[in-house]
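Colleague: Please take a close look at a single part of this model and set it against the chain as a whole.

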Amino acid sequence: MALPPTHPMYYSEFEHAMAIILQFPDHAAKALEPSRDIEDTSPLFQIPILRPPNDYESRIPSNYEYKILPSSSSIRLLRLQLVDLASDNSSFTIFRPPIRCSMITVDLDNTPLYDAVSYTWGDPCTIYTSEDEISPEDAWSSRPFDILVDGRPVSVGSNLYDALLAFRYILSQGQANTDCKHYTGYFWIDALCINQEDPQERSDQVMMMSRIYKQASTVLAWLGGADRLSYDALVSLLAISTLPRDDPAWRKMERLDIFNETTYTQLGTLNIDRTSWLGIYILLNRAWFKRSWIIQEAGLAQNMVFVCGAAQVHFVKLFLAAFILQGTKWISQLVALADPLIQNYRDELLVSSSSQSQAMSQVRLFRPRKSPPTNLDAIFASCFSISCQPLVKLVQLYRSTEVTDPRDKVYAFWGISKEASSQTQHRVKESTQFRVDYSLQPREVFIQTARFLISSSSDLAILSLKEEYPNTPLPSWVPDFSVQSSVGDVAKLDCFSASSSLSSMSPIFLNHDKLRVSGFKVATIRKLLQTTLVLDLPLLAEFLQYMPRSSVIACPQMMDLDAWRGKGDDHSCTEATVLLHDEKQSRFEVLWRTLFLDNFEGTYPAPLTCGKFFRQILDTEIDKYQAHAALDLFNDNISERESVNGISNFDKARLELGILNTAMLSVLGVDLPAGDLTFPHRFCRFESCLALAKCTSKAEIRSYAKNFFDEFMNEDRHSERAYLIIRAAEIARGRALFITQEGHLGRGPTSIQTQDEVWVIAGAKVPFVLRHVGGEEYRLIGEAYVHGIMHGQAVTGKSKAEQKEIILV
């Protein structure tokens, strides 16, 4: 039944239709003008981001009256009623309420034609260019807009309403333009096509979510409405997608400055200025790219199209562009430009004073809430090489993705898991089956998942997913999958076999919360250093004094990890396949190999060039202090100001530089006279030139100081420095270095303590840090990398009878 024009919904929709039109005056003025085509589609009209209304809290949502689905393979589809753009293509017609729809029920066994929508329920953006554009998180989770479904009002969220506006516009164009008639007009949208209030239906529909997306004619990935930079960002990404896609070309391209016009002249492509690069950064940080559900939605899609505003881009082109950004390391230059401009929730480890960021110092970006970085590598893996991976690998790989419901950090990956495929193809006892069950609380879901993964697998890989600070009270051996922490990075490499020589013993569940395992205690932790302090060279030098100056390490032969993993999903390094040879390594080499987990860009053990790379990181830190000293000398000679307590700023900076440089040489293993400070050669040369010139005036001293300072600033023109900053931050994030009483150097969780124990557990490929709580009970703190024992060296020759049984609580 149609609503009368006096119905309050009409006033609400009219007001917000006009608000959309007036939101960006520059867009409204050009509403009817053709814009640049993307992929030769019809002229595009920019549909902006629709923010929630200010009075969202006072709006009472209306729900659809669902009927029980007739079969286990039934789904609902939404059909959009189009508008007549041929006779009236005005702004108001495009946004005119109400959006009219009808709901039908179909059976997947009958292979119906439909399109599936992939989108985020909340805020489509994670970064904004103005604080005025930001709405509260609870506003985005509200349902302030009404559509008509079968003649009755149904409330939807702001982002979904915006998507329906865009789809209605695109489909309505198809009435007059046959090029746009590749969509079915029938949409599967989870928020509307699933009765979200019915836990049983929700569980059943999620269990077949992979089938729904696999059978869809097209998956429409709704990135959100257009912002001021999104369209140019898409055009720029399309230009990038045409660049070479081979390693030799990338090695040349990574040395190019992406903010220099000559780069694009050399490549023969569209010039991308700094503002457009910021648009790319903001677009790739949209919430869609961070969702857990997109992994199966994108990975199973037969055909997928990105929609942003009214612009449509095939997913292959957008992902090729992102793939090139990764391969050329241009993404590192982009992050180094953009991150310092973020005013809140930024990664302080990545903030640098690059000349590019200084050039855009008038630009400010705003991140309204904490959000993980977009994991482009993980998305590539799902979209271009989706395969039945074990569930434990999927939840590990995509741990940093986001969900609205914490249970979906498991359920989002079940449909594409190896276990789900096996459960479908083979008759599995109902008692051992995994079930999606939204009637369970998150704690129960996580315990159920951990028990299932341990029971159904041949190893204890699940223990590597243990985070340090769970949101939910759980046994220490059960991961809180809702925590967006980077965990399991040691086991993720899939090249270790710390327990390879131990006899496998099946873990035993005691009650509901305890797990009995067996293994060996191999070390006790003696000294700690948080990796965020690795570049605090004096602290690092002091820490390393507890290690021997050199160690004999039983090392594996070098291998290409990608080729190694290509031997099969279940392939792993074992004692039979990995040949070890003794090798003498210096303290510095043990340090950088431990920091990098002895892995560098797909090669294990890491090549010696990795050590040179880490030395560059230390040199970069020293260079920064040399530049600061020169700047302080320059500032000291600007005026006649007196020094404090007779010590100038330059004298302080010089002393600090000497302490740091001396500490670095100690880290490198250089023998130094006790108590003497040493300075970098460039700085010594600078002081010598200053002395020889016999500068007497402040102007002469300033000139020498400025020239020395400029030497370092001019070195910041290429990507290498930005790449070093990014990799150094990756090394430092959320880890601690430790030295054991036995002299081993390791890397583990930041929450480890002295006297914690390192254990090798039967069935686990990596060591773990455990904390004794009494008797035979221990708490799992987390996985660890311990240099020199990652291939069973610590337990070689141990018999099954010697293994000790312990209980994880």
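**A helix pair in its chain**

Modeller: Among contacts (heavy atoms within 4.5 Å) in the protein chain between residues at least 6 apart in sequence, 76% join residues at least 24 apart. This is a predicted model, in which local features need pLDDT of at least 70 and side-chain atom pairs count only at pLDDT 80 or more, while totals for chains, interfaces and linings use all residues. Residues are numbered from 1 along each chain as its sequence is written, and side-chain values use heavy atoms, with hydrogens and water left out.

The protein chain has 29 helices and 22 strands (DSSP runs of H or I, at least four residues, and of E, at least two, numbered from the N terminus). Of its 809 residues, 55% count as buried (under 20% relative accessible area with a 1.4 Å probe, protein chains only; exposed is over 50%, partly exposed in between).

The part I would single out is the packing of helix α25, residues 608-636, on helix α26, residues 649-667. Their axes, lines fitted to C-alpha atoms over the stretch in contact, lie 8 Å apart at an angle of about 165°. That makes α25 roughly antiparallel to α26, a term for angles over 145 degrees between N-to-C directions, on a scale from 0 to 180. The crossing is left-handed: the near helix is turned anticlockwise from the far one by less than a right angle.

On the α25 side, the residues that meet α26 include R615, L618, I622, Y625 and L633. From α26, F650, L657, L660 and M664 are among their counterparts. C610, which falls within residues 608-636 of α25, is buried, with a relative accessible area of 0%. By contrast, C684 is partly exposed, at 33%.

Definitions and conventions: Parallel < 35°, antiparallel > 145°, perpendicular 65-115°, else oblique.
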